[in-house]
Amino acid sequence: MFKRLQQKWGLSTKTFWIVFLAFGLTGTTTAFLTRYVTRWLGMDANSEWYFRLGVRLFMLLIGYQVILLSFGALLGQWAFFWKYEVKLLRKLRILPPEANKTLLAIFASGAGSNARRIMEYYHGHATISVALVVCNKSGAGVVQHAEKWGIPVLMIEKERFFHGDAYLEVLRQHRISWVVLAGFLWKVPDQLVAAYERKMINIHPALLPSYGGKGMYGEHVHKAVLAAGEKESGITIHLVNEHFDEGEILFQASCPVEPNDTPQTLAARIHELEHRHFAPAIEKAILAANSKS
Ligand code: GRF
């Protein structure tokens, strides 16, 4: 039962138990405070029943939620509990249902600095929201970033990804309409590419069509650029098709390659470009597509 709940919430085991603790502390504190408040108001068994009920309901409906948010914040889980509250208010129809937002899934395998930037950028965005992070590597940095922003994480397994339904069903359940690859190292199966035709975006740390294709990822790209004595490198944001790094180019930005660059210094310069341009380029592509449909 715990495992299922943990999966539903998309949390790591450690965070799951912290969240669990926050719920436990909230329950106990609310019960204690309710008793305290009733006594403070001078209420006892002889007080009017509706008066007693009113206080209890207030503590349960309002007090509990405020205490929950406070414990959540104290335990470093503000984003999770804030999202939880907003969801509850939407269910109770106190807040209007989420507008027809375009929902994104970010696929990432590593540190996830691009994913983090995208989550930041779309936090509170009027029409676009990151609804899911998909990861194939346990312990990858991106998982912690997702938890910080209260975004569920789907951990995927090789067998099901390549030889099963490629998790298409799960993406549909989350109403994902765009997929963003931000340092995702597995080749996306054709079935998934077809399902998100012109709605799947990748970022590549070089100026395609040069230095792309199979095996060209991470440091390999920067090493190849330096070995060829290039004076310039950059980033390419492109649509994904069934061939590695060959989809339509949406955006490119370049930066100089300095004579004393190492793969690491060049990578840092490229990362800066990525962090500046990736999220707005995704937004531009989505808004353009939405305005056509
Ligand atoms: C980026 O350089 C991106 O171009 C490439 O993978 C890297 C991911 O970096 N596809 P990070 O995990 O976002 O920091």
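What follows is a conversation between a trainee and a mentor about how the terms apply to this predicted model.

Trainee: What should I know about the model before we start?
Mentor: The model is predicted, so local features need pLDDT of at least 70 and side-chain atom pairs count only at pLDDT 80 or more, while totals for chains, interfaces and linings use all residues. Residues are numbered from 1 along each chain as its sequence is written, and side-chain values use heavy atoms, with hydrogens and water left out.

Trainee: Good to know! Why is Ser113 called buried?
Mentor: Buried means under 20% relative accessible area, exposed means over 50%, and partly exposed lies in between (1.4 Å probe, protein chains only). Ser113 has 17%, so it counts as buried. This residue belongs to helix α5.

Trainee: What does Ser113 touch?
Mentor: Leaving aside residues up to four places away in sequence, Ser113 touches His271 and His275. Contact here means heavy atoms within 4.5 Å.

Trainee: What makes Arg117 and Glu120 a salt bridge?
Mentor: The rule asks for a side-chain nitrogen of Lys or Arg within 4 Å of a carboxyl oxygen of Asp or Glu. Between Arg117 and Glu120 the N to O value is 3.0 Å, so the pair qualifies. Both residues sit in helix α5 (residues 113–122), three residues apart, about one turn of the helix. Side chains of opposite charge can pair when their charged atoms come close.

Trainee: Why are Arg117 and Glu120 called partly exposed?
Mentor: Arg117 has 28% relative accessibility, so it counts as partly exposed. Glu120 falls in that class because its value is 33%.

Trainee: How many salt bridges does the rule give?
Mentor: The count comes to five. Among them is Arg160 with Asp165, whose closest N and O atoms are 3.1 Å apart. Another is Glu219 with Lys223, at 3.6 Å; these two lie in helix α10 (residues 219–227), four residues apart, about one turn of the helix. Glu219, at 36%, is partly exposed, and so is Lys223, at 47%.

Trainee: Which residues form the nonpolar patch on the surface?
Mentor: Trp49, Tyr50, Phe51, Leu53, Leu57, Phe58, Leu60, Leu61, Ile62 and Val66 form the patch, with about 1,100 Å² of accessible area together. Accessible areas come from the Shrake-Rupley method, also with a 1.4 Å probe.

Trainee: Why can Ile62 be a member of the patch?
Mentor: Patch residues need over 30% relative accessible area and no salt bridge; like charges are joined within 9 Å, and nonpolar side chains (Val, Leu, Ile, Met, Phe, Trp, Tyr) within 5 Å. Ile62 has 45% relative accessibility, so it passes the 30% mark. Ile62 is in helix α3 (residues 49–74). Helices (H or I, at least four residues) and strands (E, at least two) are DSSP runs, numbered from the N terminus.

Trainee: How do you know that β4 and β5 pair?
Mentor: Two strands pair if DSSP finds at least two bridges between them. Three bridges join β4 (residues 178–181) to β5 (residues 200–204), so the condition is met, and these strands run parallel. Leu181, for instance, has Asn202 in β5 as its bridge partner.

Trainee: What is the order of strands in the sheet?
Mentor: The open sheet has seven strands in the order β3-β2-β1-β4-β5-β6-β7, with mixed pairing.

Trainee: Why are β3 and β7 said to stand at the edges?
Mentor: β3 (153–155) and β7 (249–256) each have a single partner strand, so one side of each is left without a neighbour in the sheet.
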